[in-house]
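Open the model in your viewer and keep the selection panel handy. We will go from stop to stop, with something to pick at each one.

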Amino acid sequence: MEIEVNLKPSREWMGNFAKQFGAEAQSPNKFHYVDNQSIFRLNSLRFDNDTVILIGDINWSRPLNTLKTPLNTNEYWTLIFIDSEDNHINYLLSDNKKEEIRSKRTILMYNSKMLVDTHWPIGKRSRFVSISFRQEWLQEKLI
């Protein structure tokens, strides 16, 4: 199964995410899905107009990965931390390159034009925190 994750803040975001599972979000900030032995929990917090914090807990019984699509904005950078019971795989994709990172814990920082495809371990629990924020905010903090 492939899921599309777009971190651009909106009131409809969680509902659109839930539709990919043929389900409904419990609220604009909460999604919990159970299918046999598969569990997907996702909570979001809108910190301000430009920042979204996602907290997720996944234990999926069949292959699950993200779609290989960019976020289509220059405004967001994303920091992801993942802790898995088994290795997950992150692919960083560009025009002619494909970098692979296999790890139980990963911190990735990437801009919205980059493609990141995450493959979650089958039948193992994974937790992640994802924070999106404005590029200008990041530049202000790094200077």
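Start by selecting Asp-57, which sits in strand β4, residues 51–59. Bear in mind as you look around that this is a predicted model. Is Asp-57 buried or exposed? Its relative accessibility is 12%, so Asp-57 counts as buried, the cut-off for that being under 20%. Now show side chains: Asp-57 makes a polar contact with the side chain of Arg-125 through its own side chain, at 2.7 Å. Leaving out residues up to four places away in sequence, Asp-57 touches Ile-39, Phe-40 and Arg-41, as well as Arg-125, Ser-126 and Arg-127.

Phe-40 leads us to the next stop. Select it together with Phe-17, Phe-21, Phe-31 and Leu-42: within the largest nonpolar core, which has 22 residues, these five touch the most other members. At least two core residues come from each of α1 (13–19), β2 (30–35), β3 (38–48), β4, β6, β7 and β8 (115–120). Which element gives the largest share? That is α1, with four residues.

Stay here and centre on Phe-31. Beyond four places in sequence, its contacts include Met-14, Phe-17, Ala-18 and Phe-21, and also Phe-40, Arg-41 and Leu-42.

For the last stop, turn on the surface and select Ile-55, Leu-79, Phe-81, Ile-107, Met-109 and Val-129, which make a nonpolar patch of about 520 Å². Strands β6 (76–93) and β7 (98–111) are the elements that give two or more residues to this patch. Finish on Phe-81, in strand β6: with a relative accessible area of 35%, Phe-81 is partly exposed.

Conventions:
Residues numbered from 1 in each chain as written. Predicted model: local features only at pLDDT ≥ 70, side-chain atom pairs only at ≥ 80, totals over all residues. Heavy atoms only, no water. Patch = residues over 30% accessible without salt bridge, like charges linked within 9 Å, V, L, I, M, F, W, Y side chains within 5 Å. Areas by Shrake-Rupley, 256 points an atom, 1.4 Å probe, with all protein chains shown as cover. Salt bridge = Lys/Arg side-chain N within 4 Å of Asp/Glu carboxyl O. Buried < 20%, exposed > 50% of the residue type's maximum accessible area, 1.4 Å probe, protein only. Polar contact = N/O pair within 3.5 Å; in protein donor to acceptor, adjacent residues only side chain to side chain. Contact = heavy atoms within 4.5 Å. Core = buried A, V, L, I, M, F, W, Y, C linked by side-chain atoms within 4.5 Å.
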